[in-house]
Amino acid sequence: MQAIFDESLVFSFQEVVKEAVSEVMAGKGMPAFQQALRNGLNRICCTIQQRVLELIDQELRDNLPLRKGWVIVRRDPKTILSPFGEVHYERTLFRNKKSGQHAHLADRLVGYKPHQRLDTLLEADLLEEAVDRSYAKAGKSFETHTGIRVSGQTVLNIVRKLQPEKIELKERIKVKKVASILYVEADEDHVPHREKGVSAFEQRLVYVHEGRVRVGKDRYELIGKKYFTFPPGTASQVIWDTIWRYLEATYDLEQTKYIFISGDGVPWIKAGAEYIHGAHYVLDGFHLRRAIFRAAGADEEKREALFGAVLSGKKREMNRLLAAFRQETEKESRKKAISEVQTYINNQWSGIRAMRKYDRLLVGCSAEGHVSHVLSARLSSRPMGWSYLGANQMAHLRVHRANGVNLSQVYIEQSAQRKKGFTSEHVPTAAVRQISKAVGSSCETLGNIPSLASGTKGWSPLLRRISNAVFEF
C-alpha cells in the first residue's frame, strides 16, 4: 500500500510549481500562474483524499478485529465530487455474517451514504454560492477550477435539505443589553410568482436596531441590527410575537424608554404597536414624501404647501389642498391618484403625528434599502419566478447570513447530526480509533523522502527550505 505522503506527491508538487512558473515566464502574468497553481494543488488534494480512503479500506480488510463479524464480498469503485475535484477510489463491500446486511465499511466510517455523490463540504460551498446567484450559476461556479459542474436542481436539493426556514439559532446572552431607544423597521419585497398569470407575493422583512453611527460622508451603519423574515400569509400576531420574544430575551426592557415601529403603514406593520407593549408606530418619511410627490406632481409650490400642512399637523388644510388639486386636474387618472393619496395620508395620520412628536429621537427609517439589499437583490431584481417555499427558504438564507451566521458551518453540523449513528451502525466502535492510529503511522515523514534528504540541483534545495520553514514554525 502506498503511503499517504511520499516522494511521488513531492514530485507532483514540483511539477505543479514548474508548470505555474512557466506560465509567468511565458508572459501570461500572475493570474495564469495562480490558476495553474490552484488546478495543480487541487489534483494533489484529490490524490491525498483517494489515498486516505483506500488506506482506511485496506485497514478494514487486513485487520479482522476491526470488522468482527464481517466478511469480504468484492471491491467496488466509487467517485465522489469534492471541493478539489473528482475523487476516484476503490473500497470493499462487506457482508455481515449474522444479519446478512451488506455495507462498504470505509464509506460508512467517513460518513458517505451508499448513493452519495457530493462531499458535504462541496454541498456547503454550493449553498453559499446559491445565496447570491441562481441555482444554475451556483452549480457552474466550481467548474472553472475543479472541472465539476453541478446541476441547478442539485443545488436546489441542497437548500431543501437544509430547510433554512426552520433553523433557530438561539444566542447565548449572559447579560441583557441596555438601550434607551429601540427601533423596529419593516417592509416587504414583492416577489414574482413562477406560475404565469399569478401575481407577485410579499416576502416580509423586519429588523431591530439601536440607532445608527456615521461610517462615511453619507453612509451610516445600524447598531446591533437583527433581521427576521416571514412568508406571505403569516399572521400579524406570529410576526410580532417573534419580535417581542427577541426583544425580551435580548434587552433589559425596563431600561428602554421608547420602542418605535416604522414602515409604510400597511396593517400588518401598524399592528406591531398593538402587540408590543409601549411601542409607538411612526410612518416612514420616505413613503410620506413619495405620497406627497405623487399628489402634487412636478409643481414645487404645491408640494411645499402640502408638506407644510402635513408636517405642521393641519389635517383640514391638507384635505383642502388635495381637494383643490383634484378639482384642478382634468385627467381621471390624476384625480384617482390624488384621491388615493388623500385616503392614505388620512389613514396614516397617527403615524405622521408620532413622527412630528418624536422627531428628535428618530433616526430615519431605511427599510426600503434593507429590503433591497437583503431580499430583492436575489428574489425580485432579476427576471425569475419563485414558489412560496423557494422564496421563503432563500429569504431565510439571506437573513441568516445578514445576521452573521456561517451557513457552511451550519450545513456541515446539520449533516453530521443527520448522520449521527450512521457511521457506527455497521462499523465496530473500536475501528475508528485503530484506523486513526494506522493512518498516522503509515505516513512518511519529510526526512524519509530522498528528494528532501539530499541533492543540490533542481528543486531539492528550495523544497528543503520550504519544508524546514514549515516544520520549524
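# Close-up views of a predicted model

**View 1. Gln 163 sits in the loop between α7 and β4 (181-191).** Helices (H or I, at least four residues) and strands (E, at least two) are DSSP runs here, numbered from the N terminus. This is a predicted model, in which local features need pLDDT of at least 70 and side-chain atom pairs count only at pLDDT 80 or more, while totals for chains, interfaces and linings use all residues. Residues are numbered from 1 along each chain as its sequence is written, and side-chain values use heavy atoms, with hydrogens and water left out. Look at the backbone of Gln 163: its phi is positive, at about 55°, although the residue is not a glycine. Most residues other than glycine have a negative phi. Gln 163 is partly exposed, with a relative accessible area of 32%. Buried stands for under 20% relative accessible area, exposed for over 50%, and partly exposed for what lies in between (1.4 Å probe, protein chains only).

**View 2. The whole protein gives the setting for the other views, with 22 helices and 10 strands.** Of its 473 residues, 44% are buried. Among contacts with a separation of 6 or more, 66% join residues 24 or more positions apart; a contact has heavy atoms within 4.5 Å. About 25600 Å² of the protein is exposed, and carbon and sulfur atoms supply 51% of that area. Accessible areas follow the Shrake-Rupley method with a 1.4 Å probe, and for residues only the protein chains shown count as cover.

**View 3. Helix α4 (residues 120-130) holds a set of buried residues.** They are Thr 120, Leu 122, Glu 123, Ala 124, Leu 126, Leu 127 and Ala 130. What lies over them? The cover includes the strand β1 (70-82) and the helices α5 (135-140), α7 (152-162), α16 (367-379), α17 (388-402) and α18 (407-418).

**View 4. Asp 57 and Arg 61 form a salt bridge, with their closest N and O atoms 2.6 Å apart.** A salt bridge puts a side-chain nitrogen of Lys or Arg within 4 Å of a carboxyl oxygen of Asp or Glu, and by this rule the count comes to 19. The two residues are four apart in helix α2, so about one helical turn separates them. An α-helix has 3.6 residues a turn, so residues three or four places apart point the same way. Asp 57 is buried, at 0% relative accessibility, whereas Arg 61 is partly exposed at 23%. Both belong to a network of salt bridges that also takes in Arg 75 and Glu 90.

**View 5. Glu 19 and Arg 43 join their side chains in a salt bridge of 3.6 Å, N to O.** Glu 19 lies in helix α1 (residues 7-25) and Arg 43 in helix α2 (residues 29-62), so the pair ties together parts that are 24 residues apart in sequence. Glu 19 is partly exposed at 37% relative accessibility, and Arg 43 is partly exposed at 45%. Helix α1 is also home to Val 21, which is partly exposed with a relative accessible area of 32%. Together with Val 24 and Met 25, Val 21 makes a nonpolar surface patch of about 270 Å². Patches are made of residues with over 30% relative accessible area and no salt bridge; like charges are joined within 9 Å, and nonpolar side chains (Val, Leu, Ile, Met, Phe, Trp, Tyr) within 5 Å.

**View 6. Arg 294 and Glu 340 form a salt bridge, the closest N and O atoms being 2.6 Å apart.** This pair links distant parts of the chain, 46 residues apart, with Arg 294 in helix α11 and Glu 340 in helix α14 (residues 332-347). Arg 294 is partly exposed at 42% relative accessible area; Glu 340 is partly exposed too, at 34%.

**View 7. Asp 299, Glu 300, Glu 301 and Glu 304 form a negative surface patch.** Lys and Arg count as positive and Asp and Glu as negative, while His and the chain ends are not counted. The place of a charge is taken as NZ of Lys, CZ of Arg, CG of Asp or CD of Glu. Asp 299 is in the loop between α11 (285-296) and α12 (300-311), and this residue is partly exposed with a relative accessible area of 34%.

**View 8. Lys 315, Arg 353, Arg 356 and Lys 357 form a positive surface patch.** Which helix gives the most to the positive patch? Helix α15 (residues 349-357) does, with three residues. Lys 357 is placed in helix α15 and is exposed, with a relative accessible area of 63%.
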